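Q: I would be grateful for a close look at a single part of this protein, set against the chain as a whole. Please proceed step by step.

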Amino acid sequence: MMINFASVPKCYLITGYTDLRKGIDGLAAILTGKYGLNLFEEAIFLFCGRRCDRFKALYFDGEGFFLLYKRYDQGQLNWPRKADSVEVLSPKQVDWLFDGLSIYQKQKIQPAKIGALT
């Protein structure tokens, strides 16, 4: 079974640095103890260590936990480093993150105004 990150209703990104040597129980303890999050809701929890070329994802599918680990061969994620916080990401922000972009886009091209030329 592959997990489609865009189809899961919530995606929580744990900012800052996480010790990626931790397994399911260690990451679950961080989520419940430090942040008070519910592990059993339909959500994906993302963690990154000091090196931004790898991350872990924790997901409960109703029967058990998935622990996903990805390491990029070339390039890095643009992971927010504000210590000790949780960001709730939209599906678009997840796409941006996995495309190597910041989850905070500073500007957007504005739609055309009918009848106005610049």
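Before turning to that part, how much area does the protein chain expose, and what share of it do carbon and sulfur atoms supply? Then please describe T15 and its surroundings.

A: This is a predicted model. In it, the protein chain exposes about 7800 Å², and carbon and sulfur atoms supply 51% of that area. The chain has 118 residues, of which 37% are buried. Its C-alpha trace spans about 60 × 30 × 30 Å along the principal axes. There are 2 helices and 5 strands, arranged from the N terminus in the order β-α-β-β-β-β-α.

T15 is found at the beginning of this order, in the loop that lies between β1 (10–14) and α1 (24–34). The residue has a relative accessibility of 2%, and it therefore counts as buried, since the term applies to values under 20%.

The side chain of T15 takes part in two kinds of pairing. With the backbone, this side chain reaches the oxygen of K82 at 2.3 Å. With another side chain, that of S85, T15 makes a polar contact at 2.7 Å.

Both K82 and S85 belong to a longer list of contacts. When neighbours within four places in sequence are left aside, T15 is in contact with W79, P80, K82, A83, D84, S85 and E87.

Contacts between residues far apart in sequence are also counted for the whole chain. Among contacts between residues at least 6 apart in sequence, 61% join residues at least 24 apart.

Note on methods. Residues numbered from 1 in each chain as written. Predicted model: local features only at pLDDT ≥ 70, side-chain atom pairs only at ≥ 80, totals over all residues. Heavy atoms only, no water. Helix = DSSP H or I, 4+ residues; strand = E, 2+ residues; numbered from the N terminus. Buried < 20%, exposed > 50% of the residue type's maximum accessible area, 1.4 Å probe, protein only. Polar contact = N/O pair within 3.5 Å; in protein donor to acceptor, adjacent residues only side chain to side chain. Contact = heavy atoms within 4.5 Å. Areas by Shrake-Rupley, 256 points an atom, 1.4 Å probe, with all protein chains shown as cover.
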